[in-house]
Amino acid sequence: MNMEQYQDLFIEESEEHLQALNQNLLALESDPDRLELLDSIFRAAHTLKGMSATMGYDAIAKLTHEMENLLDQLREREVFLSKEIINSLFKAADLLENMLLAIRGGQEIPIDAAEVAATLFRFDQTAIYEPAGGVVLSGEGVQIYQGGDILQEFNEYELNLFRRAAEEGAAVWKTVVRVEDSCVMKAVRAFMVFKNLETLGEIIKSVPSVQDIEDEKFQSEFTVYLVTAKSDEDIRAKMSVISEISLAELTRIILDEDNSAGTQALAETTENTAGDKQAASPDVRKQPSPASQEKKQKIHQTVRVDINRLDKLMSLVGELVINKTRLEQINVDNKLNSLNETIEQINRITDDLQTVVQNVRMVAIEQVFNRFPRMVRDLANELGKEVNLLLEGKETELDRTVIDEISDPLVHLIRNSLDHGLELPEERLALKKNPVGLLKLQAKQEGNRVVIIVEDDGRGIDFEAIKKKAIENNVISQHEADTLEEQQILNLIFEPGFSTAEKVTDLSGRGVGLDVVKSKILSLNGQVYVETRKGQGTKFIIKLPLTLAIIQALMVKVQQELYAIPLANIDETTSLELSQVKDVQGQQVVVLRGKVLPLYFLRSILAVPGNRTPEELYVVVVRKGDTQIGVVVDELVGQQETVINSLGKTLSGIPGIAGATILGDGSVSLIIDIGTLF
Amino acid sequence: MSDQYVAFKLDSNEYAVEILAVQEIIRWSNITRVPRAPEYIKGVINLRGAIIPIVDSHLRFELAGQEVTDDTRIIVFRYDDTIIGLTVDLVTEVLSLPQQSIEKHQSIHGAENQFISGIGKLEERLLIILDLAKVLELGVQH
């Protein structure tokens, strides 16, 4: 079988399991008594093992197998949980992640799993390498199920049914039926057995095969494997009504999902003789765990779709929106009343369609947030700090493209908070603060945008340090430093080449500063602000548009040219007479409600040809970072839905131009990128 | 390699480009100026929903400016996944130029010679064969 087509799926699913493994490890670390977490971790490791073995990634299979061994011993209380063990498990998870990365990149890291495990899990080697296998007591005597035995009896398909049964809270019963020697029509009796058992559940296997049994190709006994949620009494009752047969053995096979395809299976048997039907011992049966029931509830019906197809769908909807606008234009130009109704309908439908497609592309920010607990834990350990990480609003949804891009800036901000923001526990104690620092990551939707807040209760940002550093790095002059307001000083941290870290650590202060964060967020059409209070903490606020493909924009006219300004950037618009424009040290300004607003004439910024000089001008007040700027245009045309098209490779990266959009009349208008316009 | 070429005129000279690179030839349409773009980028147009940049060949080859006339056309090239248009004064014809009639020569002087891959001779006509890679090797200098 060609496995390549499954590779993407494998990687994706493995990442999910790895994520689950990491999360549960974290939970276990903070609460070592929750042994059910071990089961979840085991399950994740086990599934990874199964999948990687199927795909032929032996290194992963081996490593997960070693993990399983260790986890199993933890579950059996042969080994007790220690910080050391947790750390080794984390390391193993990291290793797995790297291996997955390597596979994604087209190669496999050949590792000697045994060797790695020996290093990782060296605290108790003798216990780890103990042979696996389950020992089970039955009523009459001892019956040993060696690991391989059960495996040989079932193929993968049947094992899968076992697993599903376990998930659904059903049990697998091995039912050995003996037909009396005197019986004339053995096949008929067998048929009745099948029929009766099938009222209880599903027969997944029989030995010999159904066909052979029907053909009476068996001596006096045959075995049926039944999946049912009913009790053994029910089975016995069903069997007792059939004459000339007896139940030779009724054994519940517990193929613990965690152990299934692996090396061992536990079986718990109750052996019965013909006349002794009631001597069962049902009290030792394992009840389906609450975890598996929970899991059952969580199963949604979903389809995995290639993101490219969604992009294609989105661009088709985009084209539809363009043509809709065109239709509206035709209607306006020709005043066709009969068209009105149809256009309204189309309007509604395209609106709905657009919403649906946009929703399909929405991904919960959980996907990004989930990485952080692990990262914060590692960083805090490394820095010797204690942190309580709070995640809020994980379910907040963002467009897939934004999700992909937002991860790095958030990582940066979190590292920043941990490294520069939060103090060491001793310092915090000295300051009469809780020695455990607080790092809060919050996401929420506000209207058409998503707000993400990274907040810590650390030392805050030192204005003097920023000033000093900014002067050192020639970001500002001494004179500027004396005149700048606090907020302006604070904003200097977003300037390129700026880092206040006294010493260069592994974490931050590597020259890659907050300016990268800022430019990334600006490129996503978002904004970032910072608030800080000395000794009390720092708060970074990121505002992002929900989606990038279709935006609301204000169309403005400069001479004969039309431009679109994203509504997200606009605070307000106002009209203005030329005489109100003042010149302050070469900078044109206007006083708006007592505040001085710097003005930029789009006409000169973009060198728009033409010499019309209108008496009345319009100012679009836009927000760039946290300063307001007035963009002067000749005319406000109106608000419009615009589909953002890229200008292509040749013209990409022109400062001030975010892209182009096609207007109702088929002409092209450029979209202004406020972030890079000035 | 095909020996079919699209021939067109710029000023008084006749040029030719390989037909395989040509996606289509369209009439002059409204071009939206792109501020801050290189000078020889005339702007962008909407080609059935796609935004494509248009190169002004007069500016690209540093020829004297030319008014847009009824004959002005835009040749749309598909080159290396990029679709790009080039304005020309007049598209003359599609013609066949056998390899042996093309002289790989660098003896023509003038601004445009860096874009020339050879000279094709067809009876009395001389056709300047453009090196599309060079002509369309555009990049925005930031």
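## Exercises on a predicted two-chain model

Helix α17 of chain A covers residues 400–421, and its 22 residues span 30 Å from first C-alpha to last, close to the 32 Å expected at 1.5 Å a residue. The model is predicted: local features need pLDDT of at least 70, side-chain atom pairs count only at pLDDT 80 or more, and totals for chains, interfaces and linings use all residues. Residues are numbered from 1 along each chain as its sequence is written, while chains are lettered from A and ligands numbered from 1 in the order in which they are written.

**Exercise 1. Find the kink in α17(A).**

Step 1. Take the expected span as 1.5 Å times one less than the number of residues. Helices (H or I, at least four residues) and strands (E, at least two) are DSSP runs, numbered from the N terminus.

Step 2. Compute the bend at each residue, the angle between axes fitted to the seven residues ending there and the seven starting there.

Step 3. A kink of about 35 degrees appears at Ile406(A). The proline Pro409(A) follows shortly after.

**Exercise 2. Explain why the buried residues of α11(A) line one face.**

Step 1. Classify by C-beta atoms, placed from the backbone: a residue is buried with 20 or more others within 10 Å of its own, exposed with 12 or fewer, partly exposed in between.

Step 2. In α11 (residues 232–240), Asp232(A), Ile235(A) and Lys238(A) are buried.

Step 3. Viewed down the axis, the buried residues of α11(A) fall within an arc of 125 degrees, so they line one face. The arc is that of the directions from the helix axis to the C-beta atoms.

**Exercise 3. Locate the largest nonpolar core and trace the contacts of Ile565(A).**

Step 1. Join buried Ala, Val, Leu, Ile, Met, Phe, Trp, Tyr and Cys residues through C-beta atoms within 7 Å.

Step 2. The largest core has 76 residues. Ile565(A), Tyr15(B), Ala16(B), Val44(B) and Leu130(B) touch the most other members.

Step 3. Skip neighbours within four places in sequence: Ile565(A) then contacts (C-beta atoms, placed from the backbone, within 7 Å) Ala553(A), Leu554(A), Val556(A), Ile570(A), Val620(A), Val622(A) and Ile672(A).

Step 4. A second, separate core has 36 residues, including Val368(A) and Leu441(A).

**Exercise 4. Place Gln559(A) and Ala607(A), two non-glycines with positive phi.**

Step 1. Gln559(A) has a phi of about 50 degrees. Its loop joins β15 (550–558) and β16 (561–566). With 18 other C-beta atoms within 10 Å, Gln559(A) is partly exposed.

Step 2. Ala607(A) has a phi of about 45 degrees. Its loop runs between α23 (602–605) and β21 (616–624). Ala607(A) is exposed, with 9 C-beta neighbours inside 10 Å.

Conventions
Contact = placed C-beta atoms within 7 Å.
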